[in-house]
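Here are some questions and answers to read alongside the chain below. Take a look, and then let's work through it together.

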Amino acid sequence: MWRTSTRSGGEGDCVEVAAFAEAVGVRDSKDRRGPALSFAPGAWVGFVEATRSGFVAATRAGAPDRP
């Protein structure tokens with residue numbers, strides 16, 4: 001079952017995540033029939049942990065990179 005990220009902003013920047021038996025799926029909520037990314041569970045956990053720690057900073061197209 002797909003669920004919208006609790007970190008999605010109110011500006012349409014929504015990501016949906018689904019846990020499957022052997023993978024974690026990620027897709028754009030505005031294009032549910034479009035492509036989805038698939039991650040091994042361990043890789044997804046590592047990405048989430050890196051994001052929470054600030055190691056991976058969110059950027060938008062055209063926005064300056066954060067240090």
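**Strands, helix and aromatic rings**

Q: Is F47 buried, partly exposed or exposed?
A: This is a predicted model, and the relative accessibility of F47 comes to 40%. Buried would need under 20% and exposed over 50%. F47 therefore counts as partly exposed.

Q: In which helix do W44 and F47 both lie, and about how many turns separate them?
A: The two residues are three apart in the sequence of helix α1. An α-helix has 3.6 residues a turn, so residues three or four places apart point the same way. W44 and F47 thus share α1, with a separation of about one turn.

Q: How do the ring planes of W44 and F47 meet: stacked, tilted or edge-to-face?
A: The centres of these two rings lie 5.5 Å apart, and the planes make 35 degrees. Stacked pairs need under 30 degrees and edge-to-face pairs over 60. The W44 and F47 pair is therefore classed as tilted.

Q: Which residues form one aromatic cluster?
A: Three aromatic pairs are counted in the model. One of them joins F39 and W44, a tilted pair at 5.6 Å centre to centre with 45 degrees between the planes. W44 also pairs with F47. The cluster is made of F39, W44 and F47.

Q: Is W44 buried or exposed?
A: Its partner F39 has a relative accessible area of 29%, so F39 is partly exposed. For W44 the value is 17%, and the limit for burial is under 20%. W44 is therefore buried.

Q: What distance between the end C-alpha atoms does helix α1 show, against its expected span?
A: Helix α1 covers residues 41-52, twelve residues in all. At 1.5 Å a residue it should span 16 Å, and the model agrees with this because the end C-alpha atoms are apart by 17 Å.

Q: Which residue with a positive phi follows α1?
A: The phi angle here is near 90 degrees. The residue that follows the helix with this angle is G54.

Q: In what order do the four strands of the open sheet lie?
A: Along the chain, the elements run β-β-β-β-α from the N terminus. Strands of a sheet pair through backbone hydrogen bonds, either parallel or antiparallel. Here the pairing is antiparallel, and the order is β1-β2-β3-β4.

Q: Which are the edge strands?
A: An edge strand pairs on one side only. That applies to the strand at residues 3-4 and to the strand at 36-39. They are β1 and β4.

Q: What angle does the direction of α1 make with that of β3?
A: The helix packs on the sheet and touches β2, β3 and β4. Its direction and that of β3 make about 55 degrees.

Q: Over how many bridges do β2 and β3 pair?
A: Strand β2 holds residues 15-19 and strand β3 holds residues 24-28. One bridge links A18 to its partner G25 in β3. The antiparallel pairing runs over five bridges.

Q: Is V24 buried or exposed?
A: V24 is found in strand β3, and the residues it touches include V17, L37, F39, P41 and W44. P41 is 17 residues away in sequence, with a C-alpha to C-alpha distance of 5.9 Å. At 9% relative accessibility, V24 is therefore buried.

Q: Over the ring of which residue does the charged end of R27 sit?
A: The charged end of R27 is 4.0 Å from the ring centre. The ring belongs to W2.

Note on methods:
Residues numbered from 1 in each chain as written. Predicted model: local features only at pLDDT ≥ 70, side-chain atom pairs only at ≥ 80, totals over all residues. Heavy atoms only, no water. Expected span 1.5 Å × (residues − 1). Pairing = 2+ DSSP bridges. Contact = heavy atoms within 4.5 Å. Axes fitted to C-alpha atoms, helices over the stretch in contact; angles between N-to-C directions. Phe/Tyr/Trp six-rings, centres within 6.5 Å; stacked < 30°, edge-to-face > 60°. Buried < 20%, exposed > 50% of the residue type's maximum accessible area, 1.4 Å probe, protein only. Lys NZ or Arg CZ within 6 Å of the ring centre and 35° of its normal.
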